[in-house]
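Biologist: Could you take me through the salt bridges here, and then through the contact between the two chains? I'd like one connected walk rather than a list.

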Amino acid sequence: MSELAPYDHTAVGRKVLISLVPVICPPQYVHLANEIVDHLALTLGASPPLLRKGFDAGLLTYDIGALLSHRRRAHKLSGERAERYYASWEHGPTPLHTQFARALNQLMSMSCYEQPEVMDAVGYHVGPWIEEVKQKRLTVFKDDSAKQAAQILAPDPLRPSFRIDRIKRPNVRKAGA
Amino acid sequence: MVAARALHEGIRPSNVFSREDIHGDTVIDCDVVIVGSGAGGAPMAAELAEAGFDVVVLEEGSYYQTRDFTANTTAMIRQLYRDGGATMALGNPPILFQEGRAVGGSTVINGGMSWRTPEEILERWVKDAKLDVSPAQMLPYYERVEKRMHVAQNDHDAIGKDNWLLKQGADAKGWEIIPNLRNQAHCVGSNRCAFGCPTGAKQSALVSYIPRALHFGARVYSNVRVDKITMHGKRATGVVGHVAEDFGGRGYNIAVRAKLVVAACGAIHTPALLARTGLSSRSGALGGNLSMHPNVKVVALFDEDVTSWKGVHQAFQVREFVKEGIGTFAAVNIPPSLVAMSLPHRGAQLGGLMDRYNQMVVAGMLIEDHSTGRVRTINGRPQAFYQIDDRDIATMKKGLERLSDLLFTAGAKQIILPLHHATSVYSADEARRVLAQPIPAAAWEVVTVHMMGTAKMGRDRTSSVTDNFGFMHDVDRLLISDASLFPTPIRTNPMETIMALATRAAGHVIDNARRFLS
Ligand SMILES: Cc1cc2nc3c(=O)[nH]c(=O)nc-3n(C[C@H](O)[C@H](O)[C@H](O)COP(=O)(O)OP(=O)(O)OC[C@H]3O[C@@H](n4cnc5c(N)ncnc54)[C@H](O)[C@@H]3O)c2cc1C
Ligand code: SF4
């Protein structure tokens, strides 16, 4: 059967994204560039194929577009020049540029704030919280939860007088997979 | 008692199948095949299975259990959301919308708000579409759904500070704010509803109707995508589809022969399934009449710690402005990654704001839209088009003005409006001034999770797609059971309405079993 591979960035795409981490992510997280860009590939992998193709094409255009204004490809720009080049997309010249810059910002910010170190830094400790409240429900509310579970399976026909076996019909072959 | 195990953790019930169980092209026979296992599909499966029908449910998404729902937000999104949550309705602005793709459908990722259809809306449906859905006629179905899913108010001590702030603001303004009714049994406030409830408290279809359907003998095939309904003349005779492999691959073929076909793929995918089958409606309304309850969110910053991620998801709703088309205001905590994603800031500025994540309250509002869009099927895939009109934009502005007022009254110091260029405001007056300016449509950040109306019900076949129960006009044995049935938007959360309509339609099938089983 079909053996499709998970999505990965193109070589150029990866370089462009790495160069954008200092532009989009807060400075204290720039050392996580590889992790952020890897995470972004996972997100793109789950998105519609057309969007992925558009994103790859957009990155290539972004990379080459810098030749015009900066005489270097975008992935080779750093510091102030990388910043200015991204800002030129962010504010125009066409809605497509703006939308692509916005998409880059959205995807990269999301990947940045999904890094465990970053979540920890902003004080989001959801894992232990889930464990704590899960335990509470399993203990304090054990009996009520069991009652609800039993209710779900208890007979309660929508039409109590209905009997399907009174209906003559051809045998149904139960063919499981 | 196979399905009792589905309620507990560990073993996949023996009548839930997944791609690993299918080793070749497969043909299945049954009485009723249901495509989609969400709010419309799951109750239908449970009711008909309990009545003795041989039911097969086909679901494109995977089967998960409570223990699979972890703290890894984006992993959950990739697994549980269609297209990783990145689905867009095209228009100006484009609207990002989300749908679940898993056994249990969108109920697995929804917030659990469970509200009956407003009476005024039902009365409108009775009057305009001539449906037998008066509040009195619907009452037994709501009651049944509410019992099954344990619809109740939240435990007081599980409500988080963001929600108390919302209430404090509304109370100070003298605005109507009500406790949310939710399908939960002792929700303990992990605030992870949108990523699969990790405590088992939320009574989504996955832990209520699906186990019940399995218990009464239904078979659920996960990872099966239905391509088409098979037809014999005007009669639906089953479906054909394939095993949905990872990364969009196509596996073995599956055919199901059935006496009744139920399409419950949701308001975006049901019209696409019908279009792929070659069906159309003489009303021209199939795929049209798409309502979305457009939704905008603000991020409010307080001086104190709020730690919004600790507490019940949406414990209250402000209902003061319903008559003006502003459905609700609610506090909706979202994890840092999704807040960061929604902010147009970057670099040090983004870092500065996000360092205050624990002082943030995210609050949203939905509007009852007048605009309608359309789902078109392009190369077999649905694409939604939706152009929000000026009237709805004006309602959004009015709502945002009031929501900002409420949050400043509750003590917010800064509010970031849902506009692309990050408009921060520091007082209710400033919010009013900013929102009074003309704002280009493209500047709005609009999202939604309520898609409805693309196969609307009605007695008149020249203006509706489906009949009084959801059977497609002019087609035999094809029942639709999902959010596409709504003749109009309903200005409140749609899950309970979908489930009640599904239960009502199941009753009709049982009452007419002889006909449907012939
Ligand atoms: C994040 C989120 C939060 C929400 N919060 C609330 C809330 O708090 N309260 C509320 O009332 N509503 C809420 N909603 C909306 C509510 O969950 C939906 O309106 C409702 O579940 C829609 O029911 P449905 O049966 O139309 O579709 P769904 O529940 O989406 O089910 C459709 C199913 O069909 C499957 N499917 C589609 N096409 C195919 C195919 N070709 N083959 C096989 N399977 C297919 C899908 O994978 C999906 O599982 C929320 C929705 C989301 C996404
Ligand atoms: S807030 Fe309640 S219902 Fe939602 S995920 Fe947490 S425990 Fe479950």
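**Salt bridges and the chain contact**

Modeller: Let's start with B:Asp405, which is buried, at a relative accessible area of 15%. Keep in mind that this is a predicted model. The partner of B:Asp405 is B:Lys173, and their salt bridge has its closest N and O atoms 3.1 Å apart. In sequence the two are well separated: B:Asp405 belongs to helix H11 (residues 390–409) of chain B and B:Lys173 to helix H6 (residues 161–173) of chain B, 232 residues apart, so the pair links distant parts of the chain. B:Lys173 itself is partly exposed, because its relative accessible area is 30%, and the cut-off for buried is under 20%. So this bridge joins a buried acid to a partly exposed lysine.

Now for a pair with both ends inside. B:Arg212 and B:Glu50 form a salt bridge whose closest N and O atoms are 2.7 Å apart. Here B:Arg212 sits in helix H7 (residues 209–215) of chain B while B:Glu50 sits in helix H2 (residues 41–50) of chain B, so the bridge ties together parts that are 162 residues apart in sequence. Both B:Arg212 and B:Glu50 are buried.

That pair isn't on its own, either. Salt bridges with shared partners put B:Arg212 and B:Glu50 into one network with B:Glu47, B:Arg144, B:Lys147, B:Arg148 and A:Asp156. Notice the chain A residue in that network, A:Asp156. Its side chain meets that of B:Lys147 in a salt bridge, 3.1 Å from N to O. Over all chains, the structure holds 48 salt bridges. The B:Lys147 and A:Asp156 pair crosses between chains, running from helix H5 (residues 135–149) of chain B to the segment after H8 of chain A. B:Lys147 counts as partly exposed, because its relative accessibility is 45%.

That brings us to the contact itself. Across the interface of chain A and chain B, the rule finds 8 salt bridges. It also finds 32 residue pairs in polar contact there, both residues being at pLDDT 80 or more. On the chain A side, the elements that give two or more residues include helix H1 (11–24), helix H3 (49–70) and helix H8 (142–153). The largest share comes from H7(A), with 8 residues. By class, that side of chain A has 41 nonpolar, 14 polar and 14 charged residues.

As for extent, 69 residues of chain A and 96 residues of chain B take part in the contact. The two chains bury about 6,900 Å² between them, with 59% of it on carbon and sulfur atoms. Of the area that chain A buries against chain B, A:Arg137, A:Leu153 and A:Leu158 supply 10%, more than any other three residues.

One last stop, the nonpolar core. The largest one has 225 residues, and those with the most contacts inside it are A:Phe55, B:Phe53, B:Val55, B:Leu407 and B:Trp444. Helix H13 (residues 495–511) of chain B gives the largest share of this core, 9 residues. If you want one residue to click on, try B:Val55: leaving out residues up to four places away in sequence, B:Val55 touches B:Val32, B:Ile34, B:Ala45, B:Leu48, B:Ala49, B:Ala218 and B:Arg219.

Note on methods
Residues numbered from 1 in each chain as written. Chains lettered and ligands numbered in written order. Predicted model: local features only at pLDDT ≥ 70, side-chain atom pairs only at ≥ 80, totals over all residues. Heavy atoms only, no water. Contact = heavy atoms within 4.5 Å. Buried area = accessible area lost by both parts, 1.4 Å probe. Salt bridge = Lys/Arg side-chain N within 4 Å of Asp/Glu carboxyl O. Polar contact = N/O pair within 3.5 Å; in protein donor to acceptor, adjacent residues only side chain to side chain. Helix = DSSP H or I, 4+ residues; strand = E, 2+ residues; numbered from the N terminus. Nonpolar A, V, L, I, M, F, W, Y, C, P; charged D, E, K, R; others polar. Core = buried A, V, L, I, M, F, W, Y, C linked by side-chain atoms within 4.5 Å. Buried < 20%, exposed > 50% of the residue type's maximum accessible area, 1.4 Å probe, protein only.
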